[in-house]
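Here is a short set of exercises to work through with the model open beside you. Try each task before reading its solution.

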Amino acid sequence: RYSVGQASNFFSMPILKKAIEQLLEWQPENIQAYCNHISQETLMALAEAGFAFEEEKYRAAHLFGIKVPENLDAQRLKKKLETEKIFISIRGNYVRVSPHVFNTEHDFIKLKNALLEVL
């Protein structure tokens with residue numbers, strides 16, 4: 001984002017500095033812990049329904065994929081996500097989820113309900 005072909009961009013440097021200061025204040029491990037906390041219940045329910053994802057010890061909490069069951073209609077899923085205003089990316093047989101500090105457990109419950117309804 002900040003690399004523009006090795007050209008100087010003095011306007012962006014204070015923005016970058018502030019962003020790094022904010023990350024240091026929040027602490028990356030706290031962000032991971034929060035994202036893990038808000039997603040746990042949903043991921044457990046999805047696993048029981050046949051969805052798959054990497055084990056917790058190998059998965060980043062702020063960016064991960066959920067493999068959808070083979071019988072799930074991708075077009076119907078896409079429409080449902082749009083209707084519910086759930087902004088995640090569909091990548092083949094996976095949905096890419098990237099929660100952050102602005103997300104809540106309610107966001108994950110909404111995602112779980114949408115995925116289970118389409119299934």
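**Exercise 1. A glycine in a loop**

Is G50 buried, partly exposed or exposed, going by its relative accessible area?

*Solution.* Keep in mind that this is a predicted model.
- Step 1: find the residue. G50 sits in the loop between α2 and β1 (64-67).
- Step 2: apply the cut-offs. Buried means under 20% relative accessible area and exposed means over 50%, with partly exposed in between.
- Step 3: classify. The relative accessible area of G50 is 45%, so the residue is partly exposed.
- Step 4: add a distance. G50 and S89 are 39 residues apart along the chain, and their C-alpha atoms are separated by 19 Å.

**Exercise 2. The overall build**

Work out the order of the elements and decide whether the protein chain is as compact as the globule rule gives.

*Solution.*
- Step 1: count the elements. The protein chain contains four helices and three strands.
- Step 2: put them in order. Starting at the N terminus, they run α-α-β-α-β-β-α.
- Step 3: compare radii. For 119 residues the globule rule gives 14 Å, whereas the radius of gyration of the protein chain is 17 Å, well over that value, so the chain is more spread out than a compact globule.
- Step 4: look at the box. Along the principal axes, the C-alpha atoms fill roughly 50 × 30 × 25 Å.
- Step 5: turn to burial and contacts. Of the 119 residues, 27% count as buried. Among contacts with a separation of 6 or more, 65% come from residues 24 or more positions apart.

**Exercise 3. Surface and charge**

Describe the exposed area of the protein chain and its charged side chains.

*Solution.*
- Step 1: take the area. The protein chain exposes about 8300 Å², and carbon and sulfur atoms supply 55% of it.
- Step 2: count the charges. There are 15 positive and 15 negative side chains.
- Step 3: locate the two sets. Their centres lie 7 Å apart.

**Exercise 4. The two sides of α3**

Which residues of helix α3 are buried, and what do they pack against?

*Solution.*
- Step 1: list the buried residues. In α3 (residues 74-84), these are L77, K80 and L81.
- Step 2: look down the axis. The buried residues of α3 fall within an arc of 100°, so they line one face of the helix.
- Step 3: recall the geometry. An α-helix has 3.6 residues a turn, so residues three or four places apart point the same way.
- Step 4: check the other side. There, Q75, K79, E82 and T83 are exposed.
- Step 5: name the partners. The buried residues of α3 pack against β2 (89-91), β3 (94-97) and α4 (105-118).

**Exercise 5. A threonine under cover**

Where is T42, and which residues does T42 touch beyond those up to four places away in sequence?

*Solution.*
- Step 1: place the residue. T42 belongs to helix α2 (residues 28-48).
- Step 2: check accessibility. T42 has 2% relative accessibility, so this threonine counts as buried.
- Step 3: list the contacts. Leaving out residues up to four places away in sequence, T42 touches F108, I109 and K112.

**Exercise 6. Positive phi without glycine**

Compare the settings of Q27 and K85.

*Solution.*
- Step 1: read the angles. Q27 is not a glycine, yet its phi is positive at about 70°. K85, also a residue other than glycine, has a positive phi near 55°.
- Step 2: place both. Q27 lies in the loop between α1 (12-26) and α2, and K85 in the loop between α3 and β2.
- Step 3: classify exposure. Q27 is partly exposed at 29% relative accessibility, while K85 is exposed with a relative accessible area of 59%.

How values were computed: Residues are numbered from 1 along each chain as its sequence is written. This is a predicted model: local features need pLDDT of at least 70, side-chain atom pairs count only at pLDDT 80 or more; totals for chains, interfaces and linings use all residues. Side-chain values use heavy atoms; hydrogens and water are left out. Helices (H or I, at least four residues) and strands (E, at least two) are DSSP runs, numbered from the N terminus. The radius of gyration is taken over C-alpha atoms; the globule rule is 2.2 Å times the number of residues to the power 0.38. Buried means under 20% relative accessible area, exposed over 50%, partly exposed in between (1.4 Å probe, protein chains only). Contact means heavy atoms within 4.5 Å. Accessible areas come from the Shrake-Rupley method with a 1.4 Å probe; for residues, only the protein chains shown count as cover. Lys and Arg count as positive and Asp and Glu as negative; His and the chain ends are not counted. The place of a charge is taken as NZ of Lys, CZ of Arg, CG of Asp or CD of Glu. The arc is that of the directions from the helix axis to the C-beta atoms.
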